[in-house]
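Hello,

Here is the structure I promised to pass on to you. Have a look at it first, and then read on for what I found in it.

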Amino acid sequence: MKKFKEFNTWVVEKDEHKKSSTYKKLTPKMKKVVDEIFAAMEKNPGEFLSTFDKTVKTVSKKYGVKEKDIMNYFDKEMLTI
């Protein structure tokens, strides 16, 4: 008989967003933006909802991308789930 711990494995979800068709259609610049947002969110997963808008605003200024374009990407991702 095997113990539960022997069946339990960790699922790594890092860079999972890069596999989506929506992500693959992005320009290289937008891919960098999305990657940076995900990296920032991975640092503080417990504060994801409270810091998301601020992170989007910061990254959009850094790369010179409209916040609306970033939010449109995340909206499209949510619709494909």
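A salt bridge here is a side-chain nitrogen of Lys or Arg within 4 Å of a carboxyl oxygen of Asp or Glu. Please keep in mind that this is a predicted model. Glu-36 and Lys-62 fit that rule, because their side chains meet at 3.2 Å, N to O, inside the 4 Å limit. Glu-36 sits in helix α3 and Lys-62 in helix α4, so this pair links distant parts of the chain, 26 residues apart. Glu-36 is partly exposed, with a relative accessible area of 22%, whereas Lys-62 counts as exposed at 57%.

How many salt bridges does this rule give? The count comes to 3. Another of them also involves α3: the side chains of Lys-18 and Asp-35 meet at 3.9 Å, N to O. Here too, distant parts of the chain are linked, with Lys-18 in the loop between α1 (4-7) and α2, Asp-35 in helix α3, and their positions 17 residues apart. Both partners are partly exposed: Lys-18 has a relative accessibility of 32%, and Asp-35 has a relative accessible area of 23%. Then there is Glu-16 with Lys-19, where the closest N and O atoms are 3.9 Å apart. Glu-16 is partly exposed at 41%, while Lys-19 counts as exposed at 58%.

Now to helix α3 itself. It covers residues 28-43, which is 16 residues, and reaches 23 Å from its first C-alpha to its last, close to the 22 Å expected at 1.5 Å a residue. Which residues of α3 are buried? They are Met-30, Val-33, Val-34, Ile-37 and Met-41. These residues lie on the same side of α3, because they cover an arc of only 90 degrees around the axis. As a reminder, an α-helix has 3.6 residues a turn, so residues three or four places apart point the same way. The face turned away from the buried side of α3 carries the exposed residues Pro-28, Lys-32 and Lys-43. As for what the buried residues of α3 pack against, the partners are α2 (21-24), α4 (48-63) and α5 (67-80).

The pairing of α3 with α4 can be described further. The two helices pack at an angle of about 145 degrees, with their axes 10 Å apart, and their crossing is right-handed. On the α3 side, the contact is made by Lys-29, Lys-32, Val-33, Glu-36, Ile-37, Ala-40 and Met-41. From α4, the residues taking part include Phe-48, Phe-52, Val-56, Val-59, Lys-62 and Tyr-63. You will recognise Glu-36 and Lys-62, the salt-bridge pair, among the contact residues.

Finally, helix α5. It has 14 residues and reaches 20 Å from its first C-alpha to its last, close to the 20 Å expected at 1.5 Å a residue. Its buried residues are Ile-70, Tyr-73, Phe-74 and Glu-77. Seen down the axis of α5, they fall within an arc of 90 degrees, so they line one face of the helix. Lys-68, Lys-76 and Leu-79, on the other side of α5, are exposed. What covers the buried residues of α5? The cover includes α2, α3 and α4.

Best wishes

Terms used. Residues are numbered from 1 along each chain as its sequence is written. This is a predicted model: local features need pLDDT of at least 70, side-chain atom pairs count only at pLDDT 80 or more; totals for chains, interfaces and linings use all residues. Side-chain values use heavy atoms; hydrogens and water are left out. Helices (H or I, at least four residues) and strands (E, at least two) are DSSP runs, numbered from the N terminus. The expected span of a helix is 1.5 Å times one less than its number of residues. Buried means under 20% relative accessible area, exposed over 50%, partly exposed in between (1.4 Å probe, protein chains only). The arc is that of the directions from the helix axis to the C-beta atoms. Contact means heavy atoms within 4.5 Å. Axes are lines fitted to C-alpha atoms, for helices over the stretch in contact, and angles run from 0 to 180 degrees between N-to-C directions. A crossing is left-handed if the near helix is turned anticlockwise from the far one by less than a right angle, and right-handed if clockwise.
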